[in-house]
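Trainee: Could you take me through the place where the ligand sits, slowly and in plain words? I'd also like to hear about the helices once we're done there.

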Amino acid sequence: MPPSSAVVGQIFLKPKRAQPFFGRHPWVFAGAIDRVEGDPADGGVVELRSHVGTFVARGLFNSRSKIRVRLYSWDESEALDEAFFRQRLQRAIDLRHTVLRLNTSPDSAYRVAFSEADFLSGLVIDRYGEWAAVQFNAFGMAERQEMLGKLIRETLGVRGVYRKVEKGVGKLEGLTLVDGLLCGEAPPSEMVVSENGLKFAVNLVEGQKTGYYLDQRDNRAAVAKFCAGKRVLDAFSYSGGFGVYAANAGASEVLCVDSSEGAVMLAMRNAELNGLGQLTFAKNDVFNELDSLVAAGRNFDVVVLDPPKFARDQHSLPQALRGYRRLVQQGLKLLDRDGVLVMCCCTGLVTMEMLEELIAQTAVGEKRDFQFLDRRGPAADHPVSATCREGTYLKCVVGRVV
Ligand code: SAH
C-alpha cells in the first residue's frame with residue numbers, strides 16, 4: 001500500500017522555538033519539540049504547530065532521527081501526496097533543463113535533485129544518460145521509494161532507477177536500505193556519459209557516491225584553462241576528472257593519484273575513452289605519495305587536491321584541518337614559481353573563510369607568496385536553498401604561488 005498523505009500527527013513546538021520554521025528552515029530537531037499528539041508512525045505526515053497551535057508547516061515524522069520532522073510545505077491547503085512530490089520533482093528538473101540547460105544530449109549527466117536545496121529533504125537524484133541513481137537519506141523518503149521511483153521514471157524518461165545508499169545514513173535515520181535496482185531496467189556495468197565534450201565511464205553498481213562526482217564539473221573546466229603545456233598532479237583523482245580535462249587541454253604530463261584500485265582503473269579507462277596519452281597513474285595514499293614526490297624533488301605547475309570529506313562533526317574538525325594543512329604544505333612544495341594550487345574541500349564544517357585562512361597561513365609558513373585567483377563552489381545543479389544554508393559544502397580555491 002502506498003504511504004498515505006493523511007495527517008497522522010500534530011507536533012507542538014516549545015514556546016519561542018517557532019521562528020526558524022516560520023522562516024522555512026526544514027529540520028525540526030527533537031529539542032525544539034514540546035509534545036507530539038496522535039502517535040504518528042515513522043514516515044507519516046505531520047503538522048508542525050507553534051506552542052499556541054498556529055499552523056507552521058507540514059512534514060514527515062521520524063522518531064529515530066535527531067531530525068524529528070523534515071518540513072516540505074508551508075501551505076496549509078497542500079497535501080504531501082503523489083501530486084505534491086511530482087510537482088517538487090518537476091520544479092527541480094526545470095532548474096536543470098530550462099534554467100541551466102544541462103540536458104543537452106542523451107548521455108548528459110547532472111544532479112536532478114539535491115535534497116534541501118531542492119525542497120526535497122532527504123532525496124538525492126543524479127541522472128547518468130538513460131539511467132538515474134537515487135539516494136533516500138530520510139526515512140519518510142525511503143518509505144515513499146516506490147512512488148518516487150515511478151515519478152523519477154515518468155518525469156525524466158529514464159530506462160531505470162538504481163538505488164544507492166550513502167554510508168552512515170541508515171544509522172542516522174533508522175533505515176535498512178541496500179543498493180539495488182528500484183525500478184525499470186538494470187543499468188549496464190559501464191555507462192559512458194559526456195561532460196563538456198569529454199567522455200566518462202560511470203558504473204552505477206560499483207561506483208563511489210552515485211557513480212561520479214558531478215559537483216566538480218565546472219571546476220574541472222576552470223582548472224583546465226591553466227593546464228596547456230603544464231605538468232599537472234591530480235591528487236585524489238577518482239574518475240581522473242581533473243586529469244582528463246587537463247590532458248585534453250594540452251597538459252604535457254598528468255599524474256593521477258588515488259588509494260583505491262577501482263578508482264585508478266576508472267581513471268585509466270577515462271583516459272583511454274578520450275584518447276589521451278599523457279596520463280600516468282599511481283595507486284597510493286596521497287599523503288605518502290606527496291611525501292615521496294617532495295623527497296624525490298619532483299616539480300609540477302598545477303597541483304589539484306580533491307580529498308574526500310575529512311570531518312562529519314566538530315569533534316573531528318581539528319584533525320581534519322591538520323590534514324588539509326598538510327596537503328596544502330606538500331602541494332606548495334611541489335609547485336614551481338608561477339604554479340597553480342587547486343585546493344578542494346567538501347567538509348561542510350570548514351567554511352571558505354577557514355579554508356582561505358588555512359592556505360594563507362600555510363603559504364607564509366612555506367615562505368611563499370600566494371594569490372587567490374578564483375574561489376569556487378559546486379556546479380549550479382548543486383544549489384543551496386536560502387533557508388537551509390547548511391547545504392553549503394564544496395569549496396574550490398585556485399591560487400598562484402610565487
Ligand atoms: N577528483 C575526483 C573526485 C575525488 S573523490 C573526480 O573529479 O572525480 C575522493 C577520492 O579520494 C576517492 O576516489 C577516494 O578513493 C580517494 N581517497 C580517499 N582517501 C585517500 C587517500 N588517503 N589517499 C589517496 N586517495 C584517497
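Mentor: Sure, let's begin with one contact: an oxygen atom of the ligand is 2.7 Å from an N or O atom in the side chain of Asp258. Keep in mind that this is a predicted model, so read that distance as something computed from it.

Now look at the other end of the chemistry, nitrogen. The side chain of Asp306 has an N or O atom 2.6 Å from a nitrogen atom of the ligand. Then find Gln208, where a polar side-chain atom lies 3.0 Å from an oxygen atom of the ligand. As for how wrapped up the ligand is, it has 580 Å² of accessible area on its own, and the protein covers 89% of that.

Next, zoom out to the whole shell. There are 16 residues around the ligand, and those that come nearest are Ser239, Asp258, Asp285, Val286 and Asp306. So Asp258 and Asp306, which we just met, are both on that list. By type, the shell divides into six nonpolar residues, six polar ones and four charged ones.

Val286 is a handy bridge to the helices, as helix 9 covers residues 286–295. The axis of helix 9 comes within 10 Å of the axis of helix 10, and the two cross at roughly 30°. Angles under 35 degrees count as roughly parallel, which is why helix 9 is called roughly parallel to helix 10. The crossing of helix 9 past helix 10 is left-handed.

Follow helix 10, residues 317–334, on to helix 11, residues 352–365. Their axes come within 9 Å and cross at roughly 50°, and that angle makes helix 10 oblique to helix 11. Here the crossing is right-handed.

How values were computed:
Residues numbered from 1 in each chain as written. Predicted model: local features only at pLDDT ≥ 70, side-chain atom pairs only at ≥ 80, totals over all residues. Heavy atoms only, no water. Near = heavy atom within 4 Å. Polar contact = N/O pair within 3.5 Å; in protein donor to acceptor, adjacent residues only side chain to side chain. Areas by Shrake-Rupley, 256 points an atom, 1.4 Å probe, with all protein chains shown as cover. Nonpolar A, V, L, I, M, F, W, Y, C, P; charged D, E, K, R; others polar. Axes fitted to C-alpha atoms, helices over the stretch in contact; angles between N-to-C directions. Helix = DSSP H or I, 4+ residues; strand = E, 2+ residues; numbered from the N terminus. Parallel < 35°, antiparallel > 145°, perpendicular 65-115°, else oblique. Left-handed = near helix turned anticlockwise from the far one by under 90°.
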